Amino acid sequence: MADDPLFRPLQLKHFTLKNRLGVAPMTRMSAGPDSIPRQDVLDFLVRRARNGAALVYTEALVTDYESAQGYPGQARILNQLQIEAWRPVVQAIRTQGALAVMQMFHCGRMAWPEVNPAHRAIGPSPIAPRQINPLTKAPYPLPEEMSRFDIDHVINGFVETAKGAVAAGFDGIEIHGAHGYLISQFLSPYSNQRSDDYGGSPQRRYRFAHEVIQAVRRVVPNDRLLVFRISNWGIADMDVSLFQNRQEYQEIIALLAEEPLDAISVSTYDFREEAFGTGKTMAALSREACDLPLMICGKIYDRASAEEALQHADIALSGKSMLLNPNWVEEVKSGRKLKPFTSDQAQVAYTTEVLP
Ligand SMILES: Cc1cc2nc3c(=O)[nH]c(=O)nc-3n(C[C@H](O)[C@H](O)[C@H](O)COP(=O)(O)O)c2cc1C
């Protein structure tokens with residue numbers, strides 16, 4: 001097809017993406033005490049690049065050794081050994097003509113203190129998620145309200161992790177501001193009930209994200225991409241919308257548009273769902289509020305869904321289809337009839353089974 005919307009290149013700064021399909025960030029929980037993922041998990045990323053993805057995200061890397069880790073076996077890129085483990089992976093992804101992007105996160109109140117060296121759970125406010133942690137089968141702990149020291153320490157973790165990714169050669173770095181983890185906890189009026197400069201109006205709740213972005217950009221050179229991931233849903237307290245209404249969401253997107261970011265990644269359960277009763281999708285609402293390149297994710301599983309998703313975005317990310325179907329990009333290209341995978345099927349990601 002001469003002008004195939006999915007396989008048309010995209011100019012993102014000085015990078016040219018060969019098509020519009022990318023591997024969404026996916027945690028695999030495979031790392032040992034050295035915080036380095038299992039070799040087959042690293043190889044999986046390279047295989048997806050070889051099989052046609054234009055952009056390959058890492059799993060969410062944990063930003064410190066204190067309170068950031070929320071799941072066992074998460075990875076880090078904070079020391080030389082970890083940098084050396086990622087360097088060949090990045091190189092191999094680039095050799096396949098794809099971009100390698102590192103995602104970094106702090107779990108905040110979605111905490112499992114025992115998997116953190118310092119056994120701490122922190123968050124914007126002392127409000128625990130209401131449900132039990134599905135992995136520990138126990139309630140989430142009550143987080144400590146972050147002090148000024150904690151805020152600086154956590155920002156420093158994002159900065160150090162970004163430095164590690166730059167040293168390993170990553171083309172891009174993503175700040176995970178979605179899914180009800182720490183940054184998204186600050187953005188939400190539900191989990192952020194602070195009375196200082198970091199709580200209150202949307203602008204004040206945005207302050208933490210702003211400080212993280214600014215601090216990280218200082219160590220991410222201009223020849224690398226900086227991306228922010230956002231969502232209106234969280235892992236816990238699903239019934240609580242992270243943003244109160246369309247206006248609040250678009251205010252945050254407009255603030256992001258003023259940052260030194262190169263793209264925004266919008267994460268949904270289903271990109272087709274309308275948001276905030278507007279009759280418009282999250283991607284459409286995001287596009288209305290900013291000019292930055294947009295990535296969209298959530299139930300994109302075949303050619304038709306990918307094409308539709310790209311009506312209001314520039315790059316379509318897939319999680320489960322990229323995870324479970326090694327030939328996904330080729331099959332989308334061919335227009336083959338495909339089905340979405342379920343979350344249950346994706347559980348294999350957390351086992352020792354080697355994915356093709
Ligand atoms: C096994 C697995 C692990 C995931 N880990 C992360 C993660 O580390 N960071 C993140 O932002 N999203 C994570 N997600 C969410 C995906 O990036 C994606 O947004 C979600 O799967 C919806 O897209 P899909 O319908 O194409 O699967 C994960 C999803 C799966 C299935």
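**Group meeting: a walk from T281 to the barrel and its ligand**

Hi everyone, let me start at one residue: T281 sits in the loop that connects β10 with α7, residues 282-289. Before I go on, please keep in mind that this is a predicted model.

So, is T281 buried or exposed? T281 is buried, because 24 other C-beta atoms lie within 10 Å, and 20 or more is what counts as buried. A309 is 28 residues away from T281 in sequence, and the two C-alpha atoms are 9.6 Å apart in space.

Now let's step back to the barrel. Which strands close it, and in what order? There are eight, running β3-β4-β5-β8-β9-β10-β11-β12, and the pairing is parallel. From one strand to the next, the twist averages 25°.

If you'd like to see where the ring closes, look at β3, residues 21-23, and β12, residues 315-318: these two pair in the parallel sense over three bridges. There, G22 of β3 stands opposite L317 in β12.

Let's go round to β9, residues 225-231. How many of its residues are buried? Seven of seven, so that strand is mostly covered, taking 20 or more neighbouring C-beta atoms within 10 Å as buried. As a reminder, side chains in a regular strand alternate between the two faces of the sheet. In β9, L225, V227, R229 and S231 point one way, while L226, F228 and I230 point the other, and all are buried. I'd invite you to find R229 on your screens: it belongs to the group with L225, V227 and S231.

β9 has a partner on each side that I'd like to show. With β8, residues 172-176, β9 runs parallel and is joined by five bridges; one pair to look for is I175 and its bridge partner F228 in β9. Five bridges also join β9 to β10, again parallel, and here V227 has A263 in β10 as its bridge partner.

Moving on to β10, residues 263-267, we find S265. Why does S265 count as buried? Because 29 other C-beta atoms lie within 10 Å of S265. Y301 comes 36 residues away along the chain from S265, and their C-alpha atoms are separated by 17 Å. Four bridges join β10 to β11 in parallel, and S265 stands opposite M295 in β11. β11 covers residues 294-297: L294 and I296 point one way, M295 and C297 the other way, and all are buried.

A quick detour to a helix. α5, residues 202-219, has 18 residues and reaches 27 Å from its first C-alpha to its last, close to the 26 Å expected at 1.5 Å a residue. Where is the kink in α5 centred? On F208, with a bend of about 35°. F208 is also one of the buried residues of this helix, along with R205, Y206, A209, V212, I213, V216 and R217.

Last stop, the ligand. There are 23 residues around the ligand, and the closest are A24, A60, G319, K320 and A349. Two elements give two or more residues to this shell: β4, residues 55-62, and α9, residues 320-324. Which of the elements gives the largest share? That is α9, with three residues. By class, the shell has ten nonpolar, nine polar and four charged residues.

That's my tour, thanks for listening!

Conventions
Residues numbered from 1 in each chain as written. Predicted model: local features only at pLDDT ≥ 70, side-chain atom pairs only at ≥ 80, totals over all residues. Pairing = 2+ DSSP bridges. Axes fitted to C-alpha atoms, helices over the stretch in contact; angles between N-to-C directions. Near = placed C-beta within 6 Å. Nonpolar A, V, L, I, M, F, W, Y, C, P; charged D, E, K, R; others polar. Expected span 1.5 Å × (residues − 1). Bend = angle between axes of the 7 residues up to and from the residue. Buried ≥ 20, exposed ≤ 12 C-beta atoms within 10 Å, placed from the backbone.
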